[in-house]
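The following exercises ask the reader to work through a protein model step by step. Please attempt each task before reading its solution.

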Amino acid sequence: MEIFTPEGFSALLQVIAIDLVLAGDNAVVIGLAAAGLPANQRAKAILIGIIAATVLRIAFASITVQLLSIIGLLLVGGILLLWVCWKMWRELRTPHHEAHAAQEALAGEDLDKSGAVADGAPRKTLKQAAIQIIIADVSMSLDNVLAVAGAARDHPTVLIIGLVLSIALMGIAASFIARLLEKHRWIAYVGLVIILYVALEMIYRGALEVWPVVAAA
């Protein structure tokens with residue numbers, strides 16, 4: 001199988017790192033949106049976010065791979081990933097109290113023993129939280145699929161493993177991953193560097209595809 005070749009195994013490791021970091025990032029965004037809800041609505045909002053993220057990843061994956069085979073779109077995808085890197089850099093600098101509120105909302109636990117779960121978050125309605133979550137999920141699911149497709153390159157097995165892993169991490173381990181990345185920030189920065197590498201490689205390969213067309217015009 002292609003994952004047992006050096007190139008395939010390298011791509012698989014990149015995809016796992018990308019999935020881990022982006023799943024944690026997505027989880028924190030969902031947690032932040034749900035943190036301002038009453039306790040009885042919080043779990044419902046988080047479930048909406050996870051289901052929406054799963055459906056959107058599958059939908060984007062079904063078209064992204066075909067789109068990236070069109071000359072010029074690999075270059076565009078790489079540029080979009082640079083923007084993802086910038087977003088991630090900003091999100092990694094999220095104030096500690098906000099990140100902590102998100103983790104408490106995801107876990108449904110009073111992690112700091114303050115007497116309330118996500119007590120520092122601004123109040124909102126379930127509708128406001130759901131809209132905020134779905135808008136974030138659209139952006140972050142596209143980010144995830146683009147990054148995984150770019151890292152997997154010409155290895156369809158790696159692409160499938162990456163997408164299945166992405167969905168599994170969001171559905172099963174979102175709270176754990178969010179806490180892991182908050183505790184060990186270096187993991188998130190390693191993931192950011194890998195995504196930056198994938199973005200630059202996509203731009204390079206995309207430019208090589210586009211250049212003959214531009215030169216012949």
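Two residues are in contact when they have heavy atoms within 4.5 Å. The model is a predicted one: local features need pLDDT of at least 70, side-chain atom pairs count only at pLDDT 80 or more, and totals for chains, interfaces and linings use all residues. Residues are numbered from 1 along each chain as its sequence is written, and side-chain values use heavy atoms, with hydrogens and water left out.

**Exercise 1. The chain as a whole**

Determine how many helices and strands the protein chain has, and what percentage of its residues count as buried.

Solution. Step one is to apply the definition: helices (H or I, at least four residues) and strands (E, at least two) are DSSP runs, numbered from the N terminus. The protein chain then has eight helices and zero strands. Read from the N terminus, its elements follow the order α-α-α-α-α-α-α-α.

Step two concerns burial. A residue is buried under 20% relative accessible area, exposed over 50%, and partly exposed in between (1.4 Å probe, protein chains only). Among the 217 residues of the protein chain, 48% count as buried.

Step three concerns contacts. Of the contacts in the protein chain with a separation of 6 or more, 84% join residues 24 or more positions apart.

**Exercise 2. Three residues of helix H8**

For Glu-209, Ile-187 and Ala-199, all placed in helix H8, state whether each is buried or partly exposed, and which residues each one touches.

Solution. Begin with Glu-209. Its relative accessible area is 30%, so Glu-209 is partly exposed. Setting aside residues up to four places away in sequence, Glu-209 touches Ile-71, Gly-72 and Leu-74. The C-alpha atoms of Glu-209 and Leu-74 are 8.5 Å apart, although 135 residues separate the two along the chain.

Continue with Ile-187. Its relative accessibility is 16%, so Ile-187 counts as buried. Apart from neighbours within four places in sequence, Ile-187 is in contact with Leu-20, Val-21, Leu-180 and Leu-181. Ile-187 and Leu-20 are 167 residues apart in sequence, and the distance from C-alpha to C-alpha is 8.9 Å.

Finish with Ala-199. Its relative accessibility is 0%, and Ala-199 therefore counts as buried. Apart from neighbours within four places in sequence, its contacts are Gly-78, Leu-81 and Leu-82. Ala-199 and Ala-147 lie 52 residues apart along the chain, with their C-alpha atoms separated by 7.6 Å.

**Exercise 3. An aromatic pair**

Classify the pair formed by the rings of Trp-89 and Tyr-189, and explain why the label applies.

Solution. First, recall the rule: rings of Phe, Tyr and Trp (its six-membered ring) pair if their centres lie within 6.5 Å; planes under 30 degrees apart count as stacked, over 60 as edge-to-face and the rest as tilted. This rule yields one aromatic pair. Second, the ring centres of Trp-89 and Tyr-189 are 6.0 Å apart and the planes stand at 65°, so the pair is edge-to-face.

Third, place the partners. Trp-89 belongs to helix H3 (residues 73-91) and Tyr-189 to helix H8 (residues 185-216), so the pair ties together parts that are 100 residues apart in sequence. Finally, consider accessibility: Trp-89 is partly exposed at 34%, and Tyr-189 is partly exposed at 31%.

**Exercise 4. Helix H5 and the residue after it**

Compare the span of H5 with the span expected at 1.5 Å a residue.

Solution. The expected span of a helix is 1.5 Å times one less than its number of residues. H5 has 27 residues, for which 39 Å is expected. From first C-alpha to last, H5 reaches 37 Å, which is close to that value. After H5 comes Arg-153, whose phi is positive, near 50°.

**Exercise 5. A buried residue of helix H1**

Which residues does Ala-11 touch?

Solution. Ala-11 is located in helix H1 (residues 6-35). At 0% relative accessibility, Ala-11 counts as buried. Not counting residues up to four places away in sequence, Ala-11 touches Ala-151, Ala-152, Arg-153, His-155 and Val-158. Ala-11 and Leu-159 are 148 residues apart in sequence and 9.1 Å apart in space, C-alpha to C-alpha.
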